[in-house]
Amino acid sequence: MRSHWLTDVLEQGLREVPTETLQDMAARHVLSKDFTRVEADGRVKRISPTLLSNECRLARLKRYRGHASQPGETRRNMRQGRPSASSSIHFIRGYFGEGMVTAALKACAETYVDFVGDGTEQVTRAGQGLGTLWPAYDVLGVSPTMKFECQVQGANYLAYPDVVLLREGEMELAQLKCPSVFAINRYRNDTTDLRRRYEPQAIAEMFIGRQMGLPIVRNHILAYSFEGFVPGSAEAKGGLEVNVVVETVEWREDMEQWVLSQAEEILEDDRNADAGRWVPGYPQENANKWPCSYCSHPRVPSDTGMVGCEENEKWETPSTSSPSPAPMRTLAPPPQLRR
Ligand code: SF4
């Protein structure tokens with residue numbers, strides 16, 4: 001059976017691009033993530049695609065209002081209010097994976113946009129055109145320098161799409177995910193879980209880009225693990241090396257209304273919080289079950305002085321309870337369609 005074109009391109013890129021180049025690009029990608037962190041730490045309330053994939057309404061609201069895992073905490077690798085070694089692994093794995101896969105996709109493209117200096121200057125470079133099995137494509141931009149931003153019905157939206165592609169005259173996105181090999185193997189058998197976790201984010205990215213005038217028609221969720229298939233396995237015998245699952249989300253007009261209604265719910269929760277009425281968390285018995293078990297906030301206060309997720313007032317400062325200001329930056333001009 002023929003695999004998805006992104007799977008073929010990714011395998012080809014990873015096979016052909018020198019390891020030093022992949023390493024270098026992945027390292028630069030990890031370093032560039034500092035830039036998004038500075039923005040995320042700003043006090044402008046923004047609706048990001050990941051916000052919409054949050055299953056807990058309270059966690060979503062707290063993130064929107066800038067609540068750290070604990071009041072005053074600045075570390076990111078937090079789980080249930082404590083620093084977590086495995087969270088660090090997940091962050092770094094995701095960033096390195098993104099950098100490595102982005103390098104491979106760029107190498108196989110006809111052309112790709114590269115950023116030089118501090119990222120404000122852009123150049124278009126010729127790729128190596130390695131993707132010979134499928135129609136050629138261009139990479140128009142990658143995270144974190146490619147930024148989608150807009151304001152709609154009083155909500156500020158901000159997204160950093162991982163990859164923006166132009167292929168056969170159509171604009172597409174790719175959302176890169178590097179979960180554990182256990183998750184990937186589960187997704188290979190059944191993509192229901194993958195859709196539940198990542199589809200809201202895929203839809204929101206398309207929505208924000210389309211609001212900026214970009215004719216985005218689909219978003220590929222490209223999930224891969226750092227472990228390739230074991231030599232001799234059925235997959236390896238079938239010619240596959242990289243453990244990849246691609247799930248494509250096609251844009252539909254009704255998705256716009258879905259994003260707007262989610263945003264309205266967030267704004268309403270935010271207004272209610274300003275008035276001291278907070279959405280409740282999950283029952284306390286859920287503390288060690290998904291999603292509380294993976295949440296950065298602890299579900300219940302502890303005798304060590306940790307603040308429980310529903311003690312919201314302990315996070316609140318005048319800046320978090322102020323209304324959302326308008327975006328500081330104007331929309332980026334849409335990339336030119338060349339095909
Ligand atoms: S701990 Fe559970 S209830 Fe509390 S914010 Fe996190 S996911 Fe929601």
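Two helix axes at 65 to 115 degrees to each other count as roughly perpendicular. Keep that cut-off handy for the opening exercise, and bear in mind that this is a predicted model.

**Exercise 1. Work out how helices α1 and α5 are oriented to each other, and what their contact is made of.**

Step one: find the helices. α1 covers residues 5-16 and α5 covers residues 85-108.

Step two: get the geometry. The two pack at an angle of about 95°, and their axes are 8 Å apart. That angle falls in the 65 to 115 range, so α1 and α5 are roughly perpendicular to each other.

Step three: list who touches whom. α1 brings Val-9, Leu-10, Gln-12, Gly-13, Leu-14 and Glu-16, while α5 brings Val-101, Ala-104, Leu-105, Ala-107 and Cys-108.

Step four: sort them by class. You should end up with eight nonpolar, two polar and one charged residues.

**Exercise 2. Place strand β10 among its pairing partners, and decide whether it is mostly covered or open.**

Start with the strand itself: β10 runs over residues 216-224. Seven of its nine residues are buried, so call it mostly covered.

Now look at β9, residues 170-177: it runs parallel to β10, and seven bridges join the two. One pair to check on screen is Lys-177, whose bridge partner in β10 is Ala-223.

Then turn to β11, residues 244-250, which pairs with β10 in the antiparallel sense, again over seven bridges. Here Asn-219 stands opposite Val-249 of β11.

**Exercise 3. Compare the backbone and surroundings of Gln-80 and Glu-168.**

First, the background: most residues other than glycine have a negative phi.

Next, the angles. Phi of Gln-80 is positive, near 50°, and Glu-168 has a positive phi of about 50° as well, although it is not a glycine.

Then the location. Gln-80 sits in the loop between β1 (78-79) and β2 (82-83); Glu-168 is in the loop between β8 (163-167) and β9.

Finally, count neighbours. Gln-80 has 20 other C-beta atoms within 10 Å, so Gln-80 is buried. Glu-168 has 10 other C-beta atoms within 10 Å, so Glu-168 is exposed.

**Exercise 4. Describe the shell around the ligand, then follow Pro-291 back to its peptide bond.**

Step one: name the shell. Cys-56, Leu-58, Ala-59, Gly-281, Tyr-282, Pro-291, Cys-292, Cys-295, His-297, Arg-299 and Cys-309 surround the ligand.

Step two: classify. The shell has eight nonpolar, two polar and one charged residues.

Step three: pick out Pro-291, which lies in the segment after α9 (254-274). A cis peptide bond joins Trp-290 to Pro-291, with omega about 0°. For context, most peptide bonds are trans.

**Exercise 5. Find the surroundings of Val-152, and say whether it is buried, exposed or partly exposed.**

Val-152 belongs to strand β6, residues 148-152. It has 15 C-beta neighbours inside 10 Å, so Val-152 counts as partly exposed.

Set aside its neighbours within four places in sequence, and Val-152 is in contact with Tyr-157 and Gln-211. Now try a longer jump along the chain: Leu-260 is 108 residues away, yet the C-alpha atoms of Val-152 and Leu-260 are separated by 8.4 Å.

**Exercise 6. Put together the overall tally for the protein.**

Count the elements: nine helices and 11 strands. Then take burial: of 339 residues, 35% count as buried. Last, contacts: among those with a separation of 6 or more, 70% come from residues 24 or more positions apart.

Technical notes
Residues are numbered from 1 along each chain as its sequence is written. This is a predicted model: local features need pLDDT of at least 70, side-chain atom pairs count only at pLDDT 80 or more; totals for chains, interfaces and linings use all residues. A residue is near a molecule or strand if its C-beta atom, placed from the backbone, lies within 6 Å of it. Ala, Val, Leu, Ile, Met, Phe, Trp, Tyr, Cys and Pro count as nonpolar, Asp, Glu, Lys and Arg as charged, and the others, Gly among them, as polar. Axes are lines fitted to C-alpha atoms, for helices over the stretch in contact, and angles run from 0 to 180 degrees between N-to-C directions. Helices (H or I, at least four residues) and strands (E, at least two) are DSSP runs, numbered from the N terminus. Angles under 35 degrees count as roughly parallel, over 145 as roughly antiparallel, 65 to 115 as roughly perpendicular and the rest as oblique. Two residues are in contact if their C-beta atoms, placed from the backbone, lie within 7 Å. A residue is buried if 20 or more other C-beta atoms lie within 10 Å of its own, exposed if 12 or fewer, and partly exposed in between; C-beta atoms are placed from the backbone. Two strands pair if DSSP finds at least two bridges between them.
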